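These notebook entries record what I looked up in one structure. I kept each entry short and wrote them in the order of my reading.

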Amino acid sequence: MLSPLATGICAGVGAAAGLGLAWGGCAYAALWPESQIFGRTLTAPRKPGELALTFDDGPNPAWTPRLLDLLVEHNVRATFFMVGKFAEAEPGLVRRVVTSGHLIGNHSWSHPNLAMTAAGRVTEELTRTSETLQQIAGAPVKYFRPPYGARRPFVLRTARKLGMVPVTWNAMTNDWEEPSADAIAGWLTSAIDRQERRGCAANIVLHDGSHHGLGANRGPSVAAAGQLLARYKSSHRFMRLDEWG
Ligand SMILES: [Zn+2]
C-alpha cells in the first residue's frame with residue numbers, strides 16, 4: 001500500500017478511519033473510491049483550484065449531444081467513461097466526443113461489478129471495450145474507471161496491462177436517480193468545497209447515460225453540470241484527466 005503523502009494524491013485515509021469496523025476492510029478496499037489498498041488509482045492531485053468533470057455510462061444519444069453543446073459554450077474539456085456496448089451502437093457520437101476535444105475512457109463492455117466477475121470475463125470486458133473505442137476514435141484508450149468503483153487487484157492489474165490508468169473519484173452524488181439539478185449541484189458543490197479545504201482537486205462524477213440502456217433521462221445531470229460550470233468557471237480550472245497524469 002502506498003502512502004498518500006508519499007504519492008502526493010488525495011487518498012481518503014481519514015474517511016477510511018471514520019467508517020469504523022462495521023463495513024469491513026475488504027469492502028473498503030474493493031469499493032471506497034479513494035482506497036489504494038487493492039492498487040493505486042488516480043483520484044485527484046493536491047491541486048486545489050482544479051476540477052475534472054467526468055461523465056459515466058454513455059454515450060447516450062438522448063443527452064450526450066446536449067452536454068457537448070454545454071461544454072462548448074463554456075469552452076471546457078471533460079472526460080467521458082464509456083460503456084463499450086453503447087459505444088459500438090453509437091460510433092458517431094463517440095467520434096463527436098473526441099473531435100470536440102474531450103478524453104474518452106473505458107468503463108467496461110456491459111457494466112458488471114468487476115470485483116465479483118470471473119477473471120476471464122474481466123479481461124474480455126476491458127479488452128473488447130478498449131479495442132472498440134480505439135477502432136472508432138483512432139487512438140489508444142489510456143484511462144479506465146471500474147463500474148461502481150468496484151475492483152480487486154486482478155481488475156487493476158488487467159487495466160494496467162492494457163495500458164490504462166485506473167481512475168476513481170472524490171466528488172459524487174446519486175445523480176443517476178434523477179433528483180433535481182439544484183440538489184445534484186448543491187451536493188457536488190459541498191463535495192468540491194470539502195476537497196478544496198483538504199488541499200485537493202476534485203474529480204467529479206456525473207452520468208450522461210445509464211448502464212441499463214440507451215436513451216435514459218439525464219436532464220438533471222446535464223443541468224447540474226451547467227450550474228457547476230457557471231459557479232466555478234471564473235475561480236477554478238477545468239481539467240481533462242490526462243492533464244493530471
Ligand atoms: Zn457506471
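Entry 1, Y148. I looked up the exposure of Y148 in this predicted model and found a relative accessibility of 41%. Because that value falls between the limits of 20% and 50%, Y148 counts as partly exposed. I placed Y148 in the loop between strand 4 (143-144) and helix 8. I then read its backbone: phi is positive, at about 60°, although Y148 is not a glycine. I noted for reference that most residues other than glycine have a negative phi.

Entry 2, S108. I turned to another residue with a positive phi that is not a glycine, S108, where the angle is near 80°. S108 is found in the loop between strand 3 (103-106) and helix 7. Is S108 buried or exposed? I found 0% relative accessibility, and therefore S108 counts as buried.

Entry 3, the bond before P59. I checked the peptide bond from G58 to P59 and found it cis, with omega near 0°. My reference note here is that most peptide bonds are trans. P59 itself lies in the loop between strand 1 (50-58) and helix 4 (64-74). I also recorded that G58 has M82 in strand 2 as its bridge partner.

Entry 4, strand 1 and its partners. I asked which strands pair with strand 1, and I recorded strand 2, strand 6 and strand 7.
- With strand 2, I found parallel pairing over four bridges, and F55 stands opposite F80.
- With strand 6, I found six bridges, and the two strands run parallel; L53 has I204 as its bridge partner there.
- With strand 7 (residues 237-238), I found parallel pairing over two bridges, and E50 stands opposite R237.

I then looked up the burial of strand 1. Nine of its nine residues are buried, so strand 1 is largely enclosed by the rest of the structure.

Entry 5, strand 2. Which way do the residues of strand 2 (residues 79-82) point? I found T79 and F81 pointing one way and F80 and M82 the other way, and all of them are buried. I set beside this the general note that in a regular strand the side chains alternate between the two faces of the sheet.

Entry 6, S210. I located S210 in the loop between strand 6 (202-207) and helix 10 (219-232). Its relative accessibility is 9%, so S210 counts as buried. A polar atom of the S210 side chain lies 3.0 Å from the backbone nitrogen of H212. Leaving aside neighbours within four places in sequence, I listed D57, F86, A216 and R218 as the contacts of S210.

Entry 7, helix 7 and helix 8. I looked up how helix 7 (residues 119-137) and helix 8 (residues 153-161) meet. Their axes come within 10 Å and cross at roughly 35°, and the crossing is right-handed. From helix 7, A119, V122, T123 and L126 meet F154, V155, T158 and A159 of helix 8. By class, I found six nonpolar, two polar and no charged residues in this contact.

Entry 8, the whole protein. I closed with the totals. The secondary structure comes to ten helices and seven strands. Buried residues make up 53% of the 245 residues. Among contacts between residues at least 6 apart in sequence, 76% join residues at least 24 apart.

Definitions and conventions. Residues numbered from 1 in each chain as written. Predicted model: local features only at pLDDT ≥ 70, side-chain atom pairs only at ≥ 80, totals over all residues. Heavy atoms only, no water. Buried < 20%, exposed > 50% of the residue type's maximum accessible area, 1.4 Å probe, protein only. Polar contact = N/O pair within 3.5 Å; in protein donor to acceptor, adjacent residues only side chain to side chain. Contact = heavy atoms within 4.5 Å. Axes fitted to C-alpha atoms, helices over the stretch in contact; angles between N-to-C directions. Left-handed = near helix turned anticlockwise from the far one by under 90°. Nonpolar A, V, L, I, M, F, W, Y, C, P; charged D, E, K, R; others polar. Pairing = 2+ DSSP bridges.
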